[in-house]
Amino acid sequence: MKKLLAIVLISWLLSACNLFNASPSIEKLEKAPENVQELLDPAAPLQSVNEDGEMTYIIYQTTDEVTASLEKHGDKLNVKLKSVPKDGDEIKKQVFKLKVDKDTEMIDILINGKSTPISIITGS
(Lines give C-alpha, C1' and ligand atoms only; values in the text may rest on other atoms or scores of the structure.)
Protein backbone atom coordinates (compact mmCIF):
# COMPACT_ATOMS: atom_id res chain seq x y z
CA MET A 1 0.00 0.00 0.00
CA LYS A 2 2.82 2.42 0.90
CA LYS A 3 4.56 1.67 -2.43
CA LEU A 4 1.38 2.40 -4.35
CA LEU A 5 0.88 5.66 -2.46
CA ALA A 6 4.51 6.65 -3.12
CA ILE A 7 4.13 5.92 -6.85
CA VAL A 8 0.93 7.96 -7.06
CA LEU A 9 2.55 10.86 -5.18
CA ILE A 10 5.65 10.84 -7.43
CA SER A 11 3.49 10.70 -10.56
CA TRP A 12 1.42 13.63 -9.33
CA LEU A 13 4.55 15.70 -8.57
CA LEU A 14 6.04 14.99 -12.00
CA SER A 15 2.77 15.99 -13.66
CA ALA A 16 2.67 19.24 -11.70
CA CYS A 17 6.26 20.04 -12.72
CA ASN A 18 5.39 19.53 -16.38
CA LEU A 19 2.64 22.14 -16.09
CA PHE A 20 5.21 24.78 -15.17
CA ASN A 21 7.62 23.79 -17.94
CA ALA A 22 5.00 23.51 -20.68
CA SER A 23 6.13 24.27 -24.19
CA PRO A 24 4.81 27.35 -25.96
CA SER A 25 1.62 26.78 -27.92
CA ILE A 26 -0.64 28.68 -30.29
CA GLU A 27 -4.29 28.08 -31.07
CA LYS A 28 -6.54 29.77 -33.63
CA LEU A 29 -9.87 30.97 -32.21
CA GLU A 30 -13.11 31.84 -33.96
CA LYS A 31 -13.26 35.12 -32.05
CA ALA A 32 -11.59 36.90 -29.18
CA PRO A 33 -13.07 36.66 -25.67
CA GLU A 34 -15.35 39.57 -24.70
CA ASN A 35 -12.79 41.19 -22.37
CA VAL A 36 -10.24 41.18 -25.23
CA GLN A 37 -12.71 42.45 -27.85
CA GLU A 38 -13.36 45.55 -25.71
CA LEU A 39 -9.67 46.52 -26.02
CA LEU A 40 -9.32 46.14 -29.79
CA ASP A 41 -8.76 49.07 -32.13
CA PRO A 42 -10.53 48.43 -35.46
CA ALA A 43 -7.91 50.52 -37.31
CA ALA A 44 -4.86 48.55 -36.08
CA PRO A 45 -3.84 45.67 -38.36
CA LEU A 46 -1.78 43.75 -35.75
CA GLN A 47 -2.54 43.86 -32.03
CA SER A 48 -1.51 42.00 -28.91
CA VAL A 49 -3.53 41.73 -25.71
CA ASN A 50 -1.70 40.24 -22.73
CA GLU A 51 -3.87 38.57 -20.13
CA ASP A 52 -2.49 38.16 -16.60
CA GLY A 53 0.98 37.24 -17.90
CA GLU A 54 -0.26 33.74 -18.70
CA MET A 55 -1.37 34.14 -22.27
CA THR A 56 -1.42 36.59 -25.12
CA TYR A 57 -4.04 37.10 -27.78
CA ILE A 58 -2.66 38.09 -31.16
CA ILE A 59 -5.18 39.72 -33.48
CA TYR A 60 -4.31 40.19 -37.14
CA GLN A 61 -6.91 42.01 -39.26
CA THR A 62 -6.70 41.00 -42.90
CA THR A 63 -8.68 39.82 -45.90
CA ASP A 64 -6.39 36.76 -46.13
CA GLU A 65 -6.68 33.33 -44.54
CA VAL A 66 -4.02 32.96 -41.84
CA THR A 67 -2.36 29.98 -40.17
CA ALA A 68 0.17 30.09 -37.34
CA SER A 69 3.13 28.10 -36.12
CA LEU A 70 5.87 28.62 -33.53
CA GLU A 71 9.64 28.43 -33.67
CA LYS A 72 11.76 28.73 -30.51
CA HIS A 73 15.37 29.97 -30.50
CA GLY A 74 16.70 30.12 -26.94
CA ASP A 75 14.69 32.79 -25.12
CA LYS A 76 13.16 34.15 -28.37
CA LEU A 77 9.85 32.86 -29.70
CA ASN A 78 8.95 33.44 -33.35
CA VAL A 79 5.23 33.46 -34.10
CA LYS A 80 5.06 32.63 -37.78
CA LEU A 81 1.83 33.76 -39.44
CA LYS A 82 1.30 32.51 -42.97
CA SER A 83 -1.13 34.74 -44.82
CA VAL A 84 -2.73 33.34 -47.99
CA PRO A 85 -5.01 35.53 -50.15
CA LYS A 86 -8.61 34.39 -50.49
CA ASP A 87 -11.54 35.60 -52.56
CA GLY A 88 -13.33 38.66 -51.27
CA ASP A 89 -12.32 41.90 -49.67
CA GLU A 90 -13.91 41.58 -46.25
CA ILE A 91 -11.45 42.32 -43.45
CA LYS A 92 -11.65 39.68 -40.75
CA LYS A 93 -10.05 39.47 -37.31
CA GLN A 94 -7.76 36.44 -37.19
CA VAL A 95 -7.42 35.62 -33.48
CA PHE A 96 -4.68 33.46 -31.97
CA LYS A 97 -4.25 32.46 -28.33
CA LEU A 98 -0.55 32.21 -27.47
CA LYS A 99 0.80 30.55 -24.36
CA VAL A 100 4.49 31.03 -23.64
CA ASP A 101 6.87 29.20 -21.35
CA LYS A 102 8.74 30.82 -18.48
CA ASP A 103 11.97 31.00 -20.52
CA THR A 104 10.54 33.22 -23.28
CA GLU A 105 11.96 36.74 -23.09
CA MET A 106 11.09 38.05 -26.56
CA ILE A 107 8.33 37.40 -29.09
CA ASP A 108 8.72 38.26 -32.77
CA ILE A 109 5.74 38.18 -35.14
CA LEU A 110 6.68 37.08 -38.65
CA ILE A 111 4.07 37.50 -41.38
CA ASN A 112 5.06 35.44 -44.41
CA GLY A 113 8.64 35.43 -43.09
CA LYS A 114 8.88 39.20 -42.52
CA SER A 115 9.23 40.56 -38.98
CA THR A 116 6.22 42.80 -38.39
CA PRO A 117 5.80 45.33 -35.58
CA ILE A 118 2.71 45.12 -33.42
CA SER A 119 0.58 48.25 -33.79
CA ILE A 120 -0.95 48.14 -30.30
CA ILE A 121 0.01 46.16 -27.21
CA THR A 122 -2.44 46.21 -24.29
CA GLY A 123 -3.21 44.18 -21.20
CA SER A 124 -6.42 43.11 -19.59
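In this predicted model, Lys 72 forms a salt bridge with Asp 101, and the closest N and O atoms of the two are 2.9 Å apart. The pair links distant parts of the chain, since Lys 72 belongs to strand S4 whereas Asp 101 sits in the loop between S6 and S7, 29 residues apart. The two partners differ in their surroundings: Lys 72 is partly exposed at 31% relative accessibility, while Asp 101 has a relative accessible area of 14% and is therefore buried, the limit being under 20%.

Four salt bridges are found in a search of the whole structure. Side chains of opposite charge can pair when their charged atoms come close. One of the four joins Lys 76 to Asp 108, with an N to O distance of 3.8 Å. Because Lys 76 lies in strand S5 and Asp 108 in strand S7, this pair ties together parts that are 32 residues apart in sequence. Here Lys 76 is partly exposed, with a relative accessible area of 26%, and Asp 108 is buried, with a value of 16%.

A further salt bridge brings together the side chains of Lys 28 and Glu 65, at 2.8 Å from N to O. Lys 28 is part of strand S1 (residues 25-29) and Glu 65 part of strand S4 (residues 65-73), so parts that are 37 residues apart in sequence are tied together by this pair. Lys 28 is partly exposed, with a relative accessible area of 37%; Glu 65 is likewise partly exposed, at 34%.

Glu 51 presents another case. This residue is placed in strand S2 (residues 46-51) and is buried, yet has no salt bridge. Lys 97 provides the nearest side chain of opposite charge, 7.5 Å away; a salt bridge requires the nitrogen and the carboxyl oxygen to be within 4 Å. The side chain of Glu 51 does make a polar contact with the side chain of Asn 35, at 2.8 Å.

Strand S2 leads on to S3. The two strands form a hairpin with three residues between them, and in the turn Asp 52 has a positive phi of about 55°. S2 and S3 pair in the antiparallel sense over six bridges, and Leu 46 has Tyr 60 as its bridge partner in S3. S3 is also joined to S6, by eight bridges and again in antiparallel fashion; Gln 61 has Lys 93 as its bridge partner in S6.

Strand S3 is mostly covered, with eight of its eight residues buried. In a regular strand the side chains alternate between the two faces of the sheet. On one side of S3 are Met 55, Tyr 57, Ile 59 and Gln 61, on the other Thr 56, Ile 58, Tyr 60 and Thr 62, and all are buried.

The largest nonpolar core has eleven residues, among them Leu 46, Ile 58, Tyr 60, Leu 81 and Phe 96. Strands S3 (55-62), S5 (76-84), S6 (92-99) and S7 (106-111) each give two or more residues to this core, and S5 contributes the largest share, three residues. Leu 81 touches Tyr 60, Val 66, Phe 96, Ile 109 and Ile 111, among other residues over four places away in sequence. A second, separate core of nine residues includes Ala 32, Val 36, Met 55 and Tyr 57. Met 55 and Tyr 57 lie on one side of S3, opposite the side that holds Ile 58 and Tyr 60.

Note on methods:
Residues are numbered from 1 along each chain as its sequence is written. This is a predicted model: local features need pLDDT of at least 70, side-chain atom pairs count only at pLDDT 80 or more; totals for chains, interfaces and linings use all residues. Side-chain values use heavy atoms; hydrogens and water are left out. A nonpolar core is a set of buried Ala, Val, Leu, Ile, Met, Phe, Trp, Tyr and Cys residues joined through side-chain atoms within 4.5 Å. Buried means under 20% relative accessible area, exposed over 50%, partly exposed in between (1.4 Å probe, protein chains only). Helices (H or I, at least four residues) and strands (E, at least two) are DSSP runs, numbered from the N terminus. Contact means heavy atoms within 4.5 Å. Lys and Arg count as positive and Asp and Glu as negative; His and the chain ends are not counted. A polar contact is a pair of N or O atoms within 3.5 Å; within protein, one must be able to donate a hydrogen and the other to accept it, and residues adjacent in sequence count only if both atoms are side-chain atoms. Two strands pair if DSSP finds at least two bridges between them.
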